[in-house]
Amino acid sequence: VVGLALAGQNVFSGLTYRGLAYTTATNAALLYGFSPVLIAVLAALFLGEKLTLRKLAGAAAGFAGVAIIITQGQLRSLGVHGVLAGNLIVFGATLYWAAYCVITRWITQKVPAEVYSFYILTVGAAAPIAWVWLHKMRFPLAGLHPETLLALAFMGVATGTLAINFWNWGLARIEAARVGMFSYLEPVFASLVAMLFLSEKLSLPSLLGAAMVFAGIFFSTQT
């Protein structure tokens, strides 16, 4: 549990933020939208959850959609640079998150979800604080503007403490593949927020890829 707490959110957040430096928030959200399919596949492989041929077909369609988003419809873009590099890093974060969810489902069958969440949040926070202190010799939040501190506080409470607790609580009680379904709404809201506040626009390849991703999600969740 302690090992997963040290690596868990830190690895996922690190990969995601690194990828966002090279790609758009919309692309990142669409790529992350494929995580429910990956969770279902990994849960079937390692937890014995049922995975039907329909789910496999959905996973294939979803992977095709992800490929379109990563390459932006240009096969010649298959070089690790520019937007492609960011998309690949974010997709790596998505795959890591799927594995993390499956492991969390397994652990919370043995350890109370509240105890597990406590370790994830406290031990997970200690690692980056120590890293910044050792390399910068200062507290990570020192010198930040009040607006930035407010944004970080919101992320810490809403997308950190509350979201992680609710997510782990759900994984303790419901199959990982079913919990993953609730991730389906995230790309929709993230894209809307990106268009409203970041003036981002959806490209045609991203729209096509997203359609294939959600088609894969639809097929993979049918009983």
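In this account, a residue is called buried when its relative accessible area is under 20%, exposed when that area is over 50%, and partly exposed in between. Residue S183 has 0% relative accessibility, and therefore it counts as buried. The structure in which this residue sits is a predicted model, and the paragraphs below proceed from the overall fold to its interior and then to its surface.

The protein chain contains 10 helices and zero strands. Read along the sequence, its pattern is accordingly α-α-α-α-α-α-α-α-α-α. Of the 223 residues in the protein chain, 38% are buried. Among the contacts with a separation of 6 or more, 84% are between residues 24 or more positions apart. The accessible surface of the protein chain amounts to about 12400 Å², and carbon and sulfur atoms account for 74% of that surface.

The interior may be taken next. In soluble globular proteins, nonpolar side chains tend to be buried together. Here, the largest nonpolar core has 34 residues, of which F34 and W97 touch the most other members. The element that gives the most to this core is helix α5, residues 82-107, with nine residues.

W97 serves as a convenient point from which to explore the surroundings. Apart from its neighbours within four places in sequence, W97 is in contact with Q9, F12, Y32, S35 and W167. Several of these names return in the discussion of the aromatic rings. The count of aromatic pairs comes to four. In one of them, the ring centres of F12 and W97 are 5.1 Å apart and the planes stand at 40°, so this pair is tilted. Because F12 belongs to helix α1 and W97 to helix α5, the pair ties together parts that are 85 residues apart in sequence. F12 and W97 are both buried. W97 also pairs with Y100: the centres of their rings are 5.2 Å apart and the planes are at 25°, so this pair is stacked. W97 and Y100 are three residues apart in helix α5, and so they are separated by about one helical turn. Like W97, Y100 is buried. Ring pairs join F12, W97, Y100 and W167 into a cluster.

From W97 the path leads to S35, a residue of helix α3, which spans residues 35-47. What places S35 among the buried residues? Its relative accessibility is 0%, and therefore S35 counts as buried. Beyond its neighbours within four places in sequence, S35 is in contact with T94, W97, A98 and S183.

That list leads back to S183, the residue with which this account began. S183 lies in the loop between α8 (176-180) and α9 (185-197). Which residues does S183 contact, leaving aside its neighbours within four places in sequence? They are Y32, S35, P36 and W167. Y32 is 151 residues away from S183 along the chain, and the C-alpha atoms of these two residues are separated by 8.4 Å. W167 thus appears among the contacts of S183 and also among those of W97.

Another buried position is found in helix α10, residues 204-220, which contains G216. With a relative accessibility of 0%, G216 counts as buried because the cut-off for that class is under 20%. Not counting residues up to four places away in sequence, G216 touches V37, G58, A59, A61 and G62. Although G216 and A60 are 156 residues apart along the chain, their C-alpha atoms are separated by 7.0 Å.

The surface completes the picture. Y17, L20, L144, L149, L152, F154 and M155 form a nonpolar patch there, and together these residues have about 620 Å² of accessible area. Helices α1 (2-20) and α7 (146-173) each supply at least two residues of the patch. Which helix gives the most to the nonpolar patch? That helix is α7, with four residues. L152, one of the patch residues, is found in helix α7. The relative accessibility of L152 is 36%, so this residue counts as partly exposed.

Terms used. Residues are numbered from 1 along each chain as its sequence is written. This is a predicted model: local features need pLDDT of at least 70, side-chain atom pairs count only at pLDDT 80 or more; totals for chains, interfaces and linings use all residues. Side-chain values use heavy atoms; hydrogens and water are left out. A nonpolar core is a set of buried Ala, Val, Leu, Ile, Met, Phe, Trp, Tyr and Cys residues joined through side-chain atoms within 4.5 Å. Buried means under 20% relative accessible area, exposed over 50%, partly exposed in between (1.4 Å probe, protein chains only). Contact means heavy atoms within 4.5 Å. Accessible areas come from the Shrake-Rupley method with a 1.4 Å probe; for residues, only the protein chains shown count as cover. Patches are made of residues with over 30% relative accessible area and no salt bridge: like charges are joined within 9 Å, nonpolar side chains (Val, Leu, Ile, Met, Phe, Trp, Tyr) within 5 Å. A salt bridge is a side-chain nitrogen of Lys or Arg within 4 Å of a carboxyl oxygen of Asp or Glu. Rings of Phe, Tyr and Trp (its six-membered ring) pair if their centres lie within 6.5 Å; planes under 30 degrees apart count as stacked, over 60 as edge-to-face and the rest as tilted.
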